[in-house]
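User: I should like a close look at a single part of this predicted model. Please begin with the chain as a whole and then turn to one residue in a loop.

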Amino acid sequence: MAACAQVAGACKRHDHQLLASLDLEGLWDVPAGWEASGEGEGSLDKTVNTLVQESMPLGPATEFVSGLAGRAGGAEAVSTMLSRLATAIAGEGSSE
């Protein structure tokens, strides 16, 4: 099991390196293209999870969110991401 954890950790580091080397314009298009029908919901959750990491693989969260909000469909994506984040945080506090 330790080997699996080590491999998973290595994969996560490589993901961060990959994300950091990508063009933000292209990255913004993925969550901005999210539709309420459910298509792309995974990309919103992955984006939120990435933005809250201390290592900031996408750069400062405020800059990424500002850029996303400026895209067509981006404001709705940001609103949905913040709503999900707030729900998750509120859920963590209610288990006590």
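Analyst: The protein chain exposes about 6400 Å², and 59% of this area is supplied by carbon and sulfur atoms. Of its 96 residues, 22% count as buried. The chain contains five helices and zero strands, so that its pattern, read along the sequence, is α-α-α-α-α. Among the contacts with a separation of 6 or more, 62% join residues that lie 24 or more positions apart.

Since the model is predicted, confidence should be considered before any detail. The mean pLDDT of the protein chain is 75, and 67% of the residues reach 70 or more. Among the elements, helix α4 (residues 61-69) has the highest mean pLDDT, 92, whereas helix α1 (residues 2-21) has the lowest, 50. Over residues 1-12 the pLDDT stays under 50, and the model has zero contacts beyond four places in sequence for them. Where pLDDT is low, the predicted coordinates should not be read in detail.

The part chosen for the close look is methionine 56, which is placed in the loop between α3 (41-51) and α4. Its phi is near 50°, a positive value in a residue other than glycine. Most residues other than glycine have a negative phi. Is methionine 56 buried, partly exposed or exposed? Methionine 56 counts as partly exposed because its relative accessibility is 45%, and partly exposed covers the range between under 20% for buried and over 50% for exposed.

Notes: Residues numbered from 1 in each chain as written. Predicted model: local features only at pLDDT ≥ 70, side-chain atom pairs only at ≥ 80, totals over all residues. Heavy atoms only, no water. Helix = DSSP H or I, 4+ residues; strand = E, 2+ residues; numbered from the N terminus. Buried < 20%, exposed > 50% of the residue type's maximum accessible area, 1.4 Å probe, protein only. Contact = heavy atoms within 4.5 Å. Areas by Shrake-Rupley, 256 points an atom, 1.4 Å probe, with all protein chains shown as cover. pLDDT = per-residue confidence, 0-100.
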